[in-house]
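Biologist: I am new to this structure and would like a close look at a single part of it. Please start with one pair of side chains and build the picture outward from there.

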Amino acid sequence: MSDGDLSSAFADGPAFVPYLAVGDPDYESSLTHVEALERGGADAIELGLPFSEPIAEGPTIQEAVVRSLEAGMTPDRFFEFVADLDVDVPLVCMTYYNLVYQYGTEQGPRPFVERAAEVGLSGFVVPDLPAEEAGPLRAACDEFGLDLIAIVAPTTDEDRLEKLVSVSSGYLYVQARLGVTGAQASVSGQTAASIDRLSDVDLPKAVGFGISSGEQAATVVEAGADGVIVGSALVDIVAEGVENDDPTGAVADRLESLAAELSAGAERGFEQRAPEPEGESE
Amino acid sequence: MTGSESRSGDGSFGGYGGQYVPEALMPAIEELTDAYERYVLGNEDGFLDEFRRRLRDFGGRPTPLQRAERLSERYDTEVYLKREDLVHGGAHKLNNALGQVLLAKYMGKERIVAETGAGQHGTATAMAAAHLGMPCEVYMGERDINRQRPNVFRMKLNDAEVTPVTTGRGTLKEAISETMRDWASNVEDTHYVIGSVVGPHPFPSMVRDFQAVISEEARAQVREGAGGLPDAVLACAGGGSNTMGAFHRFVGDDGVDMYAVEAGGSSLDVDEAAGVAPNSASLSIGSEGVLHGARTKLLQDRHGQIVESHSISSGLDYAGVGPELAHLVDEGRVTPVSVDDDAALEAFHRLSQEEGIIPALETAHAFGYLHEHHADLGGVVIVNVSGRGDKDLESVIEETAERDVPNAPDMSVFEGGL
Ligand SMILES: Cc1ncc(COP(=O)(O)O)c(C=O)c1O
């Protein structure tokens with residue numbers, strides 16, 4: 001368990017924020033995998049709580065969700081997992097609203113958030129919860145001191161951006177391209193423009209969707225991102241391990257080494273960034 | 001618009017409804033809401049006039065309200081059939097598909113995506129898209145592709161691309177998720193023609209408005225034919241579009257009872273450990289939750305994971321249901337009931353033999369309920385014949401051979417299939 005504040009992830013230099021689906025392919029291996037991410041340089045970690053209908057996910061994460069659910073993952077097991085984790089960086093729960101809404105005996109997000117606070121989670125990303133529906137979860141997050149991270153899409157215009165910013169805290173999850181999650185060979189050309197138009201927003205901006213290499217992480221940070229979020233490329237390593245029946249330790253080593261590459265890429269991008277005329281923004 | 005909509009602005013039906021979708025889709029949903037209000041509710045640029053003209057000339061509307069002579073005699077009840085099976089394509093689905101493809105055209109969209117369970121909505125959308133000159137891609141679960149081959153071929157004949165969905169059990173639920181993924185990738189020029197009164201606002205209201213032509217016609221026709229309003233209206237409920245279409249104009253008529261007939265499958269139990277419900281009865285046994293963009297009644301386990309549904313009819317095989325229908329059930333205005341696979345199959349054969357109408361397996365559920373409960377329904381009953389059964393013949397041969405259907409014809413000649 002950790003009890004970090006999300007702002008610590010962005011405090012010195014760019015944040016590398018990896019994602020894994022919790023419980024994929026089983027509880028124990030998944031603990032080892034997530035701990036390897038911290039060794040690889042994670043500044044915060046997004047932990048996916050699997051939902052049976054992951055409409056914002058591409059095939060890689062969809063399949064991870066199936067593996068995890070088949071191995072018996074539930075919201076209670078997820079919270080147990082977070083409590084069992086031996087990491088120090090802040091942890092974010094990434095899941096879909098129905099699981100948040102159903103948890104506990106009363107319907108509504110409060111019991112879920114209360115339990116999340118108990119196990120030391122720092123915040124939430126809920127991809128099927130736009131600003132319009134975020135009120136109740138926002139209120140529960142305020143009550144327990146947790147962050148609600150909004151996703152900004154390439155289609156988000158000025159008006160919507162204002163709405164999003166008004167309900168979010170922690171950081172903004174900047175979706176690098178349209179579509180669903182999934183590793184891509186190259187970073188979308190939309191990224192720089194997406195970051196540019198967020199320059200006035202007073203929250204760290206972490207870019208995700210499609211990043212799979214240190215090179216891409218460098219490009220995104222050089223373009224002005226405060227952090228990079230990487231999911232499918234890491235989940236692919238887990239899937240490959242399952243496919244080849246590799247020992248957990250070997251998979252963890254590969255996760256750690258890709259994490260280190262991505263984290264170093266982010267640092268490199270930061271160093272290559274043109275100095276701002278009015279001095280450093282941080 | 002009349003009916004049970006409590007706030008026209010956000011599509012909330014007594015707490016059900018809403019817009020639970022990824023942010024990437026929200027601008028498109030705002031744009032669609034604006035187009036719905038202007039064109040559908042406001043008839044801007046004569047949208048509704050063109051829609052009605054095309055429903056008549058291309059779609060074959062109005063459909064008859066036929067008095068079913070032999071069923072009336074058998075049940076000692078005046079039974080009227082609203083013949084949506086006579087709409088072009090063979091089901092009520094064209095009412096909505098034509099409305100939405102036309103709206104997409106008014107909005108300047110360039111591509112149509114849709115999902116389909118029974119293939120009826122996919123077929124209707126492919127037809128409407130061909131009719132209006134729009135490229136169209138239809139997602140369909142692999143299992144449903146096998147159950148509904150004639151419709152798959154019809155979609156292809158109409159130049160639609162049919163994309164198999166292999167995730168989960170390969171039925172409608174997975175096809176809807178996959179279509180949402182496509183929409184999220186191509187949202188700038190693509191319109192998602194959702195197939196029922198489900199999904200985020202404005203879909204449930206908009207699809208209901210396109211389907212309301214069923215009850216608008218039926219209400220006038222029954223007053224003329226029977227000299228008054230019916231005692232009951234029956235319609236099968238998958239997502240609930242033919243149901244809401246058949247009910248909408250009767251919601252304000254307190255003397256008219258409305259029955260949403262769900263697929264009882266093989267049993268109304270849920271096996272939480274296996275993650276399956278051997279039925280699709282979300283109104284009858286579901287609980288409140290959020291799926292595919294709306295808060296509604298769902299088949300889910302106690303953790304909020306959606307369970308796999310089952311029905312002999314792919315068009316009813318869905319774990320969710322429209323939010324307005326869920327609300328009308330809570331209000332006590334609509335009664336949710338169910339009919340199991342066996343009774344639906346029996347009703348399929350009975351209607352075919354006694355009335356010369358081969359109904360869709362979906363529709364057969366409504367007739368199964370009529371058969372079991374006609375004595376409690378009052379003197380005048382309308383059954384919505386949501387579609388015809390040509391698409392189901394292969395499944396019916398297989399399912400009939402597998403069970404002991406007392407009123408089936410001699411099946412021995414069909415042992416090798418059709
Ligand atoms: C003939 C027919 N009836 C009913 C349905 C169920 O859909 P809904 O409940 O939206 O009317 C379908 C769905 O494909 C259908 O094809």
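Modeller: B:E137 and B:R111 are both buried (under 20% relative accessible area; over 50% is exposed and in between is partly exposed, with a 1.4 Å probe and protein chains only). Their side chains form a salt bridge, 2.9 Å from N to O (a side-chain nitrogen of Lys or Arg within 4 Å of a carboxyl oxygen of Asp or Glu). B:E137 belongs to strand β6 of chain B and B:R111 to strand β5 of chain B, so the salt bridge ties together parts that are 26 residues apart in sequence. Helices (H or I, at least four residues) and strands (E, at least two) are DSSP runs, numbered from the N terminus.

The model is predicted, so to speak of a local feature needs pLDDT of at least 70 and a side-chain atom pair needs 80 or more, while totals for chains, interfaces and linings use all residues. Residues are numbered from 1 along each chain, chains are lettered from A and ligands numbered from 1 as written, and side-chain values use heavy atoms without hydrogens or water.

Strand β6 of chain B covers residues 136–141, and six of the six are buried, so the strand is largely enclosed by the rest of the structure. B:E137 points the way that B:Y139 and B:G141 do, while B:C136, B:V138 and B:M140 point the other way. Both of these groups are buried.

The strand has a partner in β5(B), residues 111–116, with five bridges in the parallel sense (two strands pair if DSSP finds at least two bridges between them). B:E137 appears here too, as the bridge partner of B:V113. β6(B) is also joined by five bridges to strand β7 (residues 161–165) of chain B, and these two run parallel. In that pairing B:Y139 stands opposite B:T163 in β7(B).

The salt bridge of B:E137 can be set beside others, since the count over all chains comes to 49. In B:E354 and B:R74, the closest N and O atoms of the salt bridge are 2.5 Å apart. This one links distant parts of the chain, 280 residues apart: B:E354 sits in helix α14 (residues 341–355) of chain B and B:R74 in helix α3 (residues 69–75) of chain B. B:E354 counts as buried at 16% relative accessibility, whereas B:R74 is partly exposed at 41%.

Chain A has a salt bridge between A:E132 and A:K163, with 3.0 Å between the closest N and O atoms. A:E132 is in the loop between β4 (123–125) and α6 (135–144) of chain A and A:K163 is in helix α7 (residues 158–167) of chain A, so parts 31 residues apart in sequence are tied together. Each is partly exposed, A:E132 with a relative accessible area of 29% and A:K163 with 36%. A network of salt bridges links these residues with A:R160, B:E23 and B:E30.

Back in chain B, another charged residue, B:K82, lies in strand β4 (residues 78–83). B:K82 is buried, at 1% relative accessibility. Beyond its neighbours within four places in sequence, its contacts (heavy atoms within 4.5 Å) include B:R61, B:E217, B:Q221 and B:N384.

Helix α14(B), which holds B:E354, packs against helix α15 (residues 361–373) of chain B at an angle of about 90 degrees, with their axes 7 Å apart. Axes are lines fitted to C-alpha atoms, for helices over the stretch in contact, and angles run from 0 to 180 degrees between N-to-C directions. Among the residues that meet there are B:F348 and B:L351 in α14(B), and B:F367 and B:H371 in α15(B).

Chain B also has an antiparallel pairing of strand β11 (residues 287–291) with strand β12 (residues 293–298), over five bridges. B:L291 has B:A294 in β12(B) as its bridge partner. The two strands form a hairpin with one residue between them, and B:H292 in the turn has a positive phi of about 50 degrees.

In chain A, eight strands close into a barrel with parallel pairing, in the order β1-β2-β3-β4-β5-β6-β7-β8. From one strand to the next the twist averages 25 degrees. Strand β3 (residues 91–94) of chain A is joined to β4(A) by three bridges, with A:V92 opposite A:G123. Helix α11 (residues 248–272) of chain A packs on the sheet, touching β1 (15–21) and β8 (227–230), and its direction makes about 150 degrees with that of β1(A).
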